[in-house]
Amino acid sequence: MAIAVGCHMMFVPEGTSVTIRCLADRLGFSRQKVADALHALEQHGYLRRTVIRTARGRLITQTVICHSPGTPAPGRPRPQEPVQRPAPEHRPKPQPPRRRTSPPAPRPTPPPTPTTTPRSPRSLPTVPRPGFPAQDLLRAALAVLVDLRNADSRLYVSEADAEHLAPGVAAWLERGVPPETVRDALSTDLPAERLRRPAALLAHRLTVNLPPAPPLTAPPPVAPPPRPLLHCETCDTCFRAPPATPCPTCGNPGPVPSAYPPPPPPS
C-alpha cells in the first residue's frame with residue numbers, strides 16, 4: 001500500500017493536492033489505509049510533511065516525497081523551517097455558549113395505501129353435459145334456472161353463469177327428470193347464511209346429485225307389413241299372398257291385387 005501511494009505521489013505534478021482525502025478519492029483506497037501508508041513513508045524517510053504559514057497567515061502542510069530516504073526529490077527545493085511568530089497580546093473575547101437545540105423530530109410518514117388490484121372471479125365447477133344438446137332442451141333448462149329466483153331470491157344467477165349451468169340442467173331433463181323436480185333439488189335445504197356465489201352452489205348440486213340414466217331397452221320388434229290382397233277373376237276368390245302367386249282354389253296363375261286397401265299394421 002505504501003509503495004503504491006509513494007509511486008503515485010512521485011509522478012503527480014508539483015502543487016497537486018496530496019491530502020488524505022484527495023489520495024483516497026484518486027486511488028480508490030480508504031482514508032485510513034492512505035493515512036497508514038503516509039505514516040509508513042514518513043517513518044522510513046521517504047516523506048516529509050512541514051507546516052508553513054502563507055502570506056495571508058494561513059497554515060498549510062507542505063509535503064515532500066523523496067526517491068531515496070533522507071534526500072529531497074530531484075528538482076524540488078527543501079522546504080524552509082516554519083517561522084515562529086509571537087502570539088498576539090490581545091485575546092479574543094469569549095463568546096457566550098451556544099444553546100444546543102435538538103433537531104426537529106421527523107414527521108411520521110403515513111403508511112402507504114395498499115393498492116388492491118381487481119381479482120378475476122374464480123371459474124365455476126364443471127357441470128354434466130347432455131348426450132344430445134338440442135336447442136329445445138337447453139331452452140327448457142334455461143327456464144328452470146330463471147325460475148329458481150322465485151323459489152329463493154338468493155338463487156339469482158347472471159347471464160354468463162346461466163350459460164354455464166344450462167347444460168347441467170339439460171342433462172337432468174334428458175334423463176327424464178321433470179323441471180319441477182330439478183327446481184326443488186336445486187332450491188331446497190339451502191344454508192341459512194348469505195350465499196356468496198349461488199352459481200357455484202348450483203354447479204356443485206348439479207354434479208353431485210345427478211340422477212342415474214334410465215336403462216336402455218331394446219325397441220319393440222317391427223311387425224312385417226301385411227301381404228297384399230289378391231283377387232282371382234276366374235273363381236272370384238280373394239286371398240293374401242305375394243304378388244304373382246297362383247290361386248289356391250283354381251290354380252289361375254294371374255290373380256290381380258284387390259281394390260280394397262290393406263289393413264293398418266297392428267299397434
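By contact I mean heavy atoms within 4.5 Å, and with that in mind I would like to take you through this structure, which is a predicted model, beginning at one leucine and working outward.

If we leave aside its neighbours within four places in sequence, leucine 145 is in contact with Ala162, Leu165, Ala166 and Val169. Leucine 145 also belongs to the largest nonpolar core, which has 25 residues, and together with Leu165, Val169, Val182 and Leu202 it is among the members that touch the most others. The elements that give two or more residues to this core are helix H4, residues 135-151, helix H5, residues 159-174, helix H6, residues 179-187, and helix H7, residues 198-208. Of these, H5 gives the most, with seven residues. There is, in addition, a second and separate core of twelve residues, which includes Val5, Val34, Ala37 and Leu47.

Let me stay with H5 for a moment. Its buried residues include Asp161, Ala162, Leu165, Ala166 and Pro167, and the list continues through Gly168, Val169, Ala170, Ala171, Trp172 and Leu173; these buried residues pack against H4, H6 and H7. As a general reminder, an α-helix has 3.6 residues a turn, so residues three or four places apart point the same way. How far apart are the end C-alpha atoms of H5, and what span should its 16 residues have at 1.5 Å a residue? The expected span is 22 Å, and the end C-alpha atoms are 22 Å apart, so the two values agree. H5 nevertheless has a kink of about 35 degrees at leucine 165, shortly before proline 167. After H5 comes glycine 176, whose phi is positive, near 85 degrees.

Stepping back to the whole chain, the secondary structure comes to seven helices and five strands, and from the N terminus on these run α-α-α-β-β-α-α-α-α-β-β-β. Of the 267 residues, 24% count as buried, while the accessible surface comes to about 20800 Å², with 58% of it belonging to carbon and sulfur atoms. If we take the contacts with a separation of 6 or more, residues 24 or more positions apart account for 50% of them.

Now to the cysteines, where the model holds zero disulfides. Why is cysteine 238 not bonded to the closest cysteine sulfur? That sulfur, in cysteine 232, is 9.1 Å from the sulfur of cysteine 238, which is too far for a bond. Cysteine 238 counts as partly exposed, because its relative accessibility is 43%, and that value lies between the cut-offs of 20% and 50%. Cysteine 247 is likewise in no disulfide, its nearest cysteine sulfur being that of cysteine 235, at 3.5 Å; the cut-off for a disulfide is 2.5 Å between sulfur atoms. Cysteine 247 is buried, with a relative accessible area of 4%.

I will finish towards the N terminus, with histidine 8, which is found in helix H1, residues 2-11. Is histidine 8 buried or partly exposed? With a relative accessible area of 22%, histidine 8 is partly exposed. Not counting residues up to four places away in sequence, histidine 8 touches Leu23, Arg26 and Leu27. For the last of these contacts, the C-alpha atoms of histidine 8 and leucine 27 are separated by 8.6 Å, although the two are 19 residues apart along the chain.

Key. Residues are numbered from 1 along each chain as its sequence is written. This is a predicted model: local features need pLDDT of at least 70, side-chain atom pairs count only at pLDDT 80 or more; totals for chains, interfaces and linings use all residues. Side-chain values use heavy atoms; hydrogens and water are left out. A nonpolar core is a set of buried Ala, Val, Leu, Ile, Met, Phe, Trp, Tyr and Cys residues joined through side-chain atoms within 4.5 Å. Buried means under 20% relative accessible area, exposed over 50%, partly exposed in between (1.4 Å probe, protein chains only). Helices (H or I, at least four residues) and strands (E, at least two) are DSSP runs, numbered from the N terminus. The expected span of a helix is 1.5 Å times one less than its number of residues. The bend at a residue is the angle between axes fitted to the seven residues ending there and the seven starting there. Accessible areas come from the Shrake-Rupley method with a 1.4 Å probe; for residues, only the protein chains shown count as cover.
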